[in-house]
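Biologist: I'd like to learn how to read a model like this one, feature by feature. Could you walk me through it?

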Amino acid sequence: MTKDPEVPVFGTERVRRARYAVAAVFTVHGAVTGSFATRVPWIQDHASVSAGQLGLALAFPAIGASLAMPLASRISHRFGARTALRGLLTLWTLALILPALAPNLVALCAALLVYGATAGMSDVAMNALGIEVENRLDKSIMSGLHGMWSVGALIGSAAGTVAAHIGTDARLHHTVMALVLTALGLIACRDVLDLRSAQDEEPPPRFALPPRSALVIGAVGFCAVFAEGASLDWSAVYLKDVLDGSAGLAAASTTAFALTMAVARIAGDRVVDRFGAVRTVRTGGLLATAGGLLVVVAPAPAFAMCGFGLLGLGVAVVVPLAFAAAGRSGPNPSQAIAGVATVTYTCGLVAPSLIGSLAEATSLVVSFGVVTALAFGLVLAAGVLRAGDRKVSGSADAAPAPTRSSAGA
């Protein structure tokens with residue numbers, strides 16, 4: 001891609017504005033997810049679906065995302081990075097309206113398919129631009145960007161909790177949120193980098209298998225997302241059913257885990273710049289492994305809550321670093337990012353159900369033994385992130401920082 005046509009040479013101030021703009025985009029993206037999650041019970045009642053049918057419907061966002069994410073790089077090639085992100089983010093924020101309008105299971109599945117497709121495409125586009133800004137600043141920012149996504153999710157869920165508490169119709173709530181977030185997203189997109197493909201550059205394929213490098217990096221993301229998804233969805237159940245914790249304490253463990261993830265991601269960039277991606281992930285893997293072991297052997301809820309906190313702290317920066325490494329792993333960063341995102345989205349879908357199935361066959365303690373083993377996999381596999389490591393001075397983990405941007409600008 002060529003440089004921004006309005007600014008032939010990016011100045012430091014221009015790139016800093018782009019960093020804040022992309023951070024705002026991540027926040028908006030997360031707020032949509034948080035807004036939707038809090039109104040799922042309302043949507044279930046409105047569509048008159050059973051718990052099993054709702055579980056089926058909730059598989060469709062991941063299906064839509066996996067199918068549509070490879071298209072993001074082609075859209076960016078055709079329209080330019082800024083225009084593509086503006087359009088895809090707008091589709092995503094407006095897609096928030098659709099699930100609450102669904103009157104039955106079929107309509108809900110269709111709405112969630114669109115919801116997931118727009119989520120995945122905008123996710124790829126914003127991560128690609130985030131990596132571009134990171135390259136130009138020559139310091140880690142991806143962990144902080146994903147931290148801002150978590151902040152957005154917390155803001156959206158807080159607003160949704162209030163709306164649910166006062167009995168607001170989810171159709172009204174989501175319409176208002178969609179319009180507000182669309183406006184904020186359009187404002188944020190004004191300052192992102194406007195990268196465009198060279199005239200003689202071949203467009204990426206509409207659909208293509210992820211490159212092998214992306215699949216290898218995605219395996220690291222798989223370990224982290226599996227631990228994250230299992231902890232988010234099952235920590236409350238674990239405290240209540242295994243350790244006889246109160247319902248309030250069980251709910252608090254999930255909130256604490258989410259807050260730990262958000263804080264660790266926001267603070268993670270300084271750690272990555274200081275120690276490099278490989279050392280950071282290895283250390284995080286050790287913390288997550290210790291946390292998993294503490295959960296498995298916990299004699300009381302307080303010990304398990306500490307274990308879940310260590311799990312969240314240990315895996316928090318892994319996915320952002322996987323995206324960053326994917327964006328530097330080949331000539332087509334969007335395609336590589338889409339490959340890693342496909343692995344993580346799919347894992348996010350299957351992890352909770354696999355934990356449940358394993359718990360039914362054995363116990364939740366055994367299930368979190370598996371989570372602990374996968375967490376230790378981060379220690380063993382962290383080296384695959386070496387190609388994207390930004391730590392370049394005095395580190396055996398380091399690889400030279402790229403002299404060209406991830407988009408080839």
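**Loops, rings and a core**

Modeller: Let's start with a loop residue: Asp-244 counts as exposed, at 68% relative accessibility. Keep in mind that this is a predicted model. Asp-244 sits in the loop between α11 and α12 (247–275).

Biologist: What is the phi of Asp-244, and how do I read its sign?

Modeller: The general idea is that most residues other than glycine have a negative phi. Here, Asp-244 has a phi near 55°, a positive value in a residue other than glycine. Ser-48 also has a phi near 55°, again positive without being glycine. Ser-48 belongs to the loop between α2 (40–47) and α3 (51–57), and with a relative accessible area of 61% Ser-48 is exposed.

Biologist: On to rings, then. How many aromatic pairs are there?

Modeller: Ring pairing goes by centre distance, with a cut-off of 6.5 Å, and the angle between the planes then gives the type. By this rule there are six aromatic pairs. Take Trp-92 and Tyr-115: their centres are 4.7 Å apart with 50° between the planes, so the pair is classed as tilted, since stacked needs under 30 degrees and edge-to-face over 60.

Biologist: Which helices does that pair link?

Modeller: Trp-92 is in helix α6 (residues 81–95) and Tyr-115 in helix α8 (residues 105–137), so this pair, 23 residues apart, links distant parts of the chain. As for burial, the cut-off is under 20% relative accessible area. Trp-92 is buried because its value is 1%, and Tyr-115 is buried because its value is 5%. Phe-36 joins Trp-92 and Tyr-115 in one aromatic cluster.

Biologist: What does an edge-to-face pair look like here?

Modeller: Look at Tyr-238 and Phe-368, with 5.3 Å centre to centre and 80° between the planes. Tyr-238 lies in helix α11 (residues 212–242) and Phe-368 in helix α17 (residues 364–381), so the pair ties together parts that are 130 residues apart in sequence. Both residues are buried.

Biologist: What else does Phe-368 touch?

Modeller: Leaving out residues up to four places away in sequence, Phe-368 touches Ala-230, Ser-231, Trp-234, Tyr-238, Val-295, Val-296 and Phe-308. Phe-308 and Phe-368 are the residues with the most contacts inside the largest nonpolar core, which has 111 residues. The element that gives the most to this core is α8, with 15 residues.

Biologist: Let's stay with α17. Which of its residues are buried, and how do I read such a list?

Modeller: An α-helix has 3.6 residues a turn, so residues three or four places apart point the same way. In α17 the buried residues are Leu-364, Ser-367, Phe-368, Val-371, Thr-372, Ala-375, Gly-377, Leu-378 and Val-379. You can check the helix's length too: at 1.5 Å a residue, its 18 residues should span 26 Å, and the end C-alpha atoms are 26 Å apart, which agrees.

Biologist: Where does a charged end sit over a ring?

Modeller: Arg-274 has its charged end over the ring of Phe-275, 4.9 Å from the centre. Arg-78 lies over the face of Phe-79, at 4.9 Å from the ring centre.

Biologist: Last one: what is the mean pLDDT of the chain?

Modeller: The mean is 83, and 86% of the residues reach 70 or more. Over residues 1–9, though, pLDDT is below 50, and this stretch has 26 contacts in the model beyond near neighbours in sequence. Residues 392–409 also stay under 50, with 43 contacts beyond four places in sequence.

Terms used. Residues are numbered from 1 along each chain as its sequence is written. This is a predicted model: local features need pLDDT of at least 70, side-chain atom pairs count only at pLDDT 80 or more; totals for chains, interfaces and linings use all residues. Side-chain values use heavy atoms; hydrogens and water are left out. Helices (H or I, at least four residues) and strands (E, at least two) are DSSP runs, numbered from the N terminus. Buried means under 20% relative accessible area, exposed over 50%, partly exposed in between (1.4 Å probe, protein chains only). A charge sits over a ring if NZ of Lys or CZ of Arg is within 6 Å of the ring centre and within 35 degrees of the ring normal. The expected span of a helix is 1.5 Å times one less than its number of residues. A nonpolar core is a set of buried Ala, Val, Leu, Ile, Met, Phe, Trp, Tyr and Cys residues joined through side-chain atoms within 4.5 Å. Contact means heavy atoms within 4.5 Å. pLDDT is the predictor's confidence in each residue, from 0 to 100.
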